[in-house]
Amino acid sequence: MYDTAETSRILVADDDTATRQVIVEALNYVKDCSTLEASNGAEALSLLSKHRCGMVITDVRMPVMGGIELLDRIMEINPLTHVIVMTGYPSIDLSVCAMKSGAVDFLVKPFNIDDLLHRVNLFLREKSTLEESVAGNRSKVVLRHIINELSTQSYIYDVIEETCNSNERIFQEMADTALKVSQGESCSLLLFDEERNEFRPKVTKNLSSEHTLDLQSPSLLSMLQKVIQDREACIINSFSGHEGPSSLILAPLRIRNRVFGVLGISRRKNGVEFTPTVLNYILSLTKRASLNIENNLLYESTYANLMDTLKSMAASIQARDHYTESHSIRVTELAVRTCEAIGGRPEDVESLKIAGILHDIGKIAVPDDILLKPGRLTEEEYEIIKQHPLTGENIIKPIMLLDRERLLIRHHHERWDGRGYPDGLTGEDIPFLSRILAVADSFDAMTNNRPYRKAMAVERAVEELRKNAGLQFDREVVHCFLTINKEAGHGSLQ
Ligand SMILES: [Fe+2]
């Protein structure tokens with residue numbers, strides 16, 4: 001329960017001495033009311049830590065710490081405090097921000113002093129009612145705080161989820177978000193090199209040019225070592241760097257039980273310290289971000305292993321047919337160049353790099369006497385060869401990561417006029433990247449020796465592509481393919 005003297009005490013914070021004096025003098029006429037004065041938010045917080053006040057009247061623009069930040073801090077320390085915010089520069093955003101942060105009232109300067117006194121008297125009259133219903137109010141205030149915390153937590157979650165595919169972006173966002181939710185001035189994300197036992201700055205952000213985290217400081221380095229050892233986050237309010245005392249949060253970045261870095265946020269102390277609520281936000285941020293970093297690393301290593309396996313499978317065809325592997329490499333290069341020239345997205349290029357290498361992987365199931373037959377294939381033998389896009393698709397079907405490439409492989413022998421295989425798709429129903437693969441594949445097959453025929457001259461292959469544009473091939477793809485190859489110095493292509 002509040003003590004009456006405490007609730008009747010009013011703190012006035014304004015850097016303008018004249019305004020402050022006018023308010024304080026007016027309040028002295030109010031019965032049972034005592035006052036305290038501060039010239040900025042930090043001074044006000046320092047006074048509030050020693051003297052409990054029922055009401056705070058604060059200006060918005062003040063040096064060191066402004067009124068909105070003061071309001072936030074007061075709501076953390078004692079959310080039942082009545083806060084009146086004054087400003088000479090009103091804006092809707094500012095009023096909304098003050099009200100959302102818990103201000104009871106908002107006054108625009110210059111205001112009538114009687115108006116202020118009226119509000120103070122109202123507050124004092126309602127004080128007794130407040131005292132009676134303090135329990136009820138407290139639960140409302142607690143609820144408001146829970147809602148504030150939840151929305152901050154959800155903000156942290158959203159920011160990290162939106163950047164979840166790239167570790168570089170996660171690192172950047174982690175530093176930005178840490179500064180936002182903590183109202184810190186400087187943030188350093190340090191990666192820890194376990195072998196050399198040293199820290200390497202990955203991201204450094206300083207909102208104030210005068211305030212930075214000094215990584216050369218022996219006391220900071222010893223605290224960083226302690227965070228690595230204990231694997232626990234901490235708030236250090238006794239930290240004194242070369243710029244004077246700072247409040248500091250150090251939080252470990254962990255994958256499983258290994259600490260791979262530390263996130264450090266600091267601000268000049270000036271009577272204001274990081275609170276346990278802020279530490280909790282930073283912990284949520286580092287845990288969520290570390291989890292996504294771990295997922296990305298796992299994905300990358302799984303993906304690399306998988307690609308190695310598939311490449312060795314593709315290479316195993318080479319043991320039987322020396323043509324296939326070098327053909328696959330050339331087809332990939334031609335297809336990628338065409339796709340880039342046509343303005344394909346980076347993910348299209350990546351898909352082609354995989355599908356190009358693997359497009360004929362289904363030939364692994366074609367018997368040697370057919371695959372390596374020097375003469376013309378019979379109809380039955382050709383039917384077996386025609387199975388290879390489906391076999392290739394089936395080989396990589398269980399790998400969900402290659403869902404898109406699976407379709408490119410299935411359709412790399414479709415024809416624009418619908419006379420291709422295995423599905424007889426026509427025109428734009430054929431995946432665009434498969435249409436690129438088809439042109440690159442045919443051109444390379446025509447211009448290289450095969451067991452059943454000699455390589456065709458480039459000029460003739462170009463003629464074939466032109467002749468079949470709009471029949472076998474997508475006209476736009478053929479045009480682009482010939483143009484870029486001419487530009488690359490293959491003059492005979494046009
Ligand atoms: Fe093929």
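Set aside the neighbours within four places in sequence, and Ser-34 is in contact with Ser-8 and Arg-9. The model behind this report is predicted.

**Ser-34 and its surroundings**

Ser-34 sits in strand β2. Along the sequence, 25 residues separate Ser-34 from Arg-9. In space their C-alpha atoms are 4.8 Å apart. Is Ser-34 buried, exposed or partly exposed? Ser-34 has 15 other C-beta atoms within 10 Å, so the residue counts as partly exposed. The buried class needs 20 or more such atoms, and the exposed class 12 or fewer.

**The parallel sheet**

Strand β2 belongs to an open sheet of five strands. The order is β2-β1-β3-β4-β5, and the pairing is parallel. Strands β2 (34-38) and β5 (105-108) are the edges, each pairing on one side only. On average, neighbouring strands in this sheet are turned by 20° against each other, direction ignored.

Strand β3 (residues 55-59) is mostly covered. Five of its five residues are buried. Which residues of β3 lie on each side? Met-55, Ile-57 and Asp-59 are on one side, with Val-56 and Thr-58 on the other. Both faces are covered.

Two partners flank β3 in the strand order. Strand β1 (residues 9-13) pairs with β3 in the parallel sense, over four bridges. Strand β4 (residues 82-87) also runs parallel to β3, and five bridges join the two. The table lists residues of β3 and those that stand opposite them.

| Residue in β3 | Residue opposite | Strand of the opposite residue |
|---|---|---|
| Met-55 | Ile-10 | β1 |
| Met-55 | His-82 | β4 |
| Thr-58 | Val-85 | β4 |

Met-55 therefore appears twice, since Ile-10 stands opposite Met-55 and His-82 in β4 does as well.**Helices across the sheet**

Helix α3 (residues 41-50) lies across β1, β2 and β3. Helix α3 runs at about 160° to β1. Helix α4 (residues 67-77) lies across β1, β3 and β4. The angle between α4 and β3 is about 155°.

**A helix pair: α17 and α18**

Helix α17 (residues 432-446) packs against helix α18 (residues 458-468) at an angle of about 145°. Their axes are 9 Å apart. The crossing of α17 past α18 is right-handed. Which residues make the contact? From α17 come Val-439, Phe-443 and Met-446. From α18 come Ala-461, Glu-464 and Leu-465. By class, five of the contact residues are nonpolar, none is polar and one is charged.

**Helix α12**

Helix α12 covers residues 346-358. Its 13 residues should span 18 Å at 1.5 Å a residue. The end C-alpha atoms are 19 Å apart, so expectation and model agree. The buried residues of α12 are Ser-351, Leu-352, Ile-354, Ala-355, Gly-356, Ile-357 and Leu-358.

**The whole chain**

How many helices and strands does the chain have? There are 19 helices and ten strands. Of the 494 residues, 34% count as buried. Among contacts in the chain with a separation of 6 or more, 62% join residues 24 or more positions apart.

Methods. Residues are numbered from 1 along each chain as its sequence is written. This is a predicted model: local features need pLDDT of at least 70, side-chain atom pairs count only at pLDDT 80 or more; totals for chains, interfaces and linings use all residues. The expected span of a helix is 1.5 Å times one less than its number of residues. Axes are lines fitted to C-alpha atoms, for helices over the stretch in contact, and angles run from 0 to 180 degrees between N-to-C directions. A crossing is left-handed if the near helix is turned anticlockwise from the far one by less than a right angle, and right-handed if clockwise. Two residues are in contact if their C-beta atoms, placed from the backbone, lie within 7 Å. Ala, Val, Leu, Ile, Met, Phe, Trp, Tyr, Cys and Pro count as nonpolar, Asp, Glu, Lys and Arg as charged, and the others, Gly among them, as polar. Two strands pair if DSSP finds at least two bridges between them.
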